[in-house]
Amino acid sequence: MSLPQRLFFCLFSLFVFVFETNAHASTLQNVIDRGDLNCGVYPDDPSRSAISINGQWEGFYVDFCRAVAAAVLKNPEYVNYVEVRAKTRFTSLVDKTTDVVMYSSTWTLGREDAYAISFPAIYLFDGQGILVRKSSGIRTLEDLDNKSICVTNNTTSQRNIENIFTIKKLKTRVIYSKGNQFFRGSACDAYTGDKMNLRISLANNTARQQEYVILPVTLSREPIGPTVRNDDAQWRRIIRSVIHATILAEDKGITADNVDALRVHSDDIEVTNLLGTTGKIGNMLGLDKDWAYRIIKSVGNYAQIFDRHLGKHSPVQAERGLSALWKHGGTLFAPPFK
């Protein structure tokens, strides 16, 4: 082989190596190299993801974006919020516009298969409900026969309600419309969606909440969680661990206010593993030992996040329900951090 041929071969091999390395670069490394987390959120969704009057993104899902940035980039402010809608929340992952999407997406097997995505964890356990005006006289599902109901298109709520009406043979007209229009004199007799969505709509769209009621019926089970691409097991574990870190922190009584003290004085092995004074959880995830400490210090534990945006310290005033800790009658728990 001549010198020019050898040189060409070496350069070609180097090009192939660089191309393959970049093509298969991990999401974690891409985020670190970029210096920002591309976090998909729904715009103008008060309590969950919206820009405040001070020009800052805030909400339940926003705090989980910030938690990931705190864990991975060591700063909760290093987030690029990418606005996504019902139609683009999954495709934004596929085309790599987003690294993770924090949204009110229900975990279904069909979605994972259709979009090549994964739901690493659940941060809300919910169920579909129906909101009506008290003056409508509607008190049961059957009362909706020959009436109309609003539902957001391209959601599990749409498919659920249409299927239920078919099964029950109810002649209810389904109108594709967002919840805020229900409070603006729309033709809909009712509005359906996840119960948390209904409570948030009540809190943000009317000053006369006493004129409405959520019917005492739950139409479905709705496990709500973040989404990522399904081609990166490490990144999936990181997002899952971020959610579980906030849950375990609540379980162990760790808050943004006492995390420094517990980091030094706790004898609980799960607490010290979580906060990085013992164990190798950070190393297993590809992060440093302080990843979870920064999360809690930045956004608090799960209860603090929930109460701030959805619970007792928010306009929504939602009860925890199934999203309460396992030891408080709910279904929320983290795997052992051991």
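The following paragraphs describe the fold, the largest pocket, two covered helices and several single residues of a predicted protein model.

Because the model is predicted, local features need pLDDT of at least 70 and side-chain atom pairs count only at pLDDT 80 or more, whereas totals for chains, interfaces and linings use all residues. Residues are numbered from 1 along each chain as its sequence is written, and side-chain values use heavy atoms, with hydrogens and water left out.

The protein contains 14 helices and 14 strands. These elements are DSSP runs numbered from the N terminus, with helices (H or I) of at least four residues and strands (E) of at least two. The C-alpha trace spans about 85 × 60 × 40 Å along its principal axes. The protein has 338 residues, and 52% of them count as buried. Buried means under 20% relative accessible area, exposed means over 50%, and partly exposed lies in between (1.4 Å probe, protein chains only). The exposed surface of the protein is about 16,500 Å². Carbon and sulfur atoms supply 53% of that area. Accessible areas come from the Shrake-Rupley method with a 1.4 Å probe, and for residues only the protein chains shown count as cover.

Contacts were defined by heavy atoms within 4.5 Å. Among contacts between residues at least 6 apart in sequence, 70% join residues at least 24 apart. The protein carries 40 positive and 35 negative charges, and their mean positions are 3 Å apart. Lys and Arg count as positive and Asp and Glu as negative, while His and the chain ends are not counted. Each charge is placed at NZ of Lys, CZ of Arg, CG of Asp or CD of Glu.

The largest pocket has a volume of about 760 Å³. Its lining comprises 38 residues, of which Y42, D45, R48, Y191 and N197 are the closest to its centre. Five elements, β7 (124-126), α6 (156-168), α7 (179-182), β11 (190-194) and α8 (195-205), give two or more residues to the lining. Helix α8 gives the most, with six residues. A pocket here is an open set of points on a 1 Å grid over the protein atoms alone, where a 1.4 Å probe fits, with protein on both sides within 12 Å along at least five of seven lines; lining residues have an atom within 4 Å of a point. Grid points are joined across faces, edges and corners, and a volume is the space filled by probe spheres set on the points.

Helix α13 (residues 291-299) is largely enclosed by the rest of the structure, because seven of its nine residues are buried. The buried set is W291, A292, Y293, R294, I295, I296 and V299. These residues pack against α3 (60-73), α9 (233-251), α10 (259-265), α11 (269-275), α12 (281-285) and α14 (302-309). G300 follows α13 and has a positive phi, near 85°. Helix α14 is also mostly covered, with six of its eight residues buried. Those residues are Y302, A303, I305, F306, D307 and H309. They pack against α3, β7, α8, α9 and α13.

F64 lies in helix α3. It counts as buried because its relative accessibility is 0%. Beyond residues up to four places away in sequence, F64 touches M102, Y123, I243, T246, Y302 and I305. Two of these contacts, Y302 and I305, are buried residues of α14. The C-alpha atoms of F64 and V94 are separated by 21 Å, with their positions 30 residues apart along the chain.

N38 lies in strand β1 (residues 37-41). At a relative accessible area of 10%, N38 is buried. Not counting residues up to four places away, N38 touches N80, V82, T97, T98, D99 and V100.

Loop residues were examined next. K74 lies between α3 and β4 (79-83). Its phi is positive, about 65°, although K74 is not a glycine. K74 counts as exposed, at 55% relative accessibility. A116 occupies the loop between α5 (109-115) and β6 (117-118). A116 is not a glycine either, yet has a positive phi of about 55°. At 36% relative accessibility, A116 is partly exposed.

R139 is found in the loop between β8 (128-133) and β9 (148-151). Its relative accessibility of 45% makes it partly exposed. Apart from neighbours within four places in sequence, R139 is in contact with K134 and L215. R139 and V84 are 55 residues apart in sequence, and their C-alpha atoms are 35 Å apart in space.
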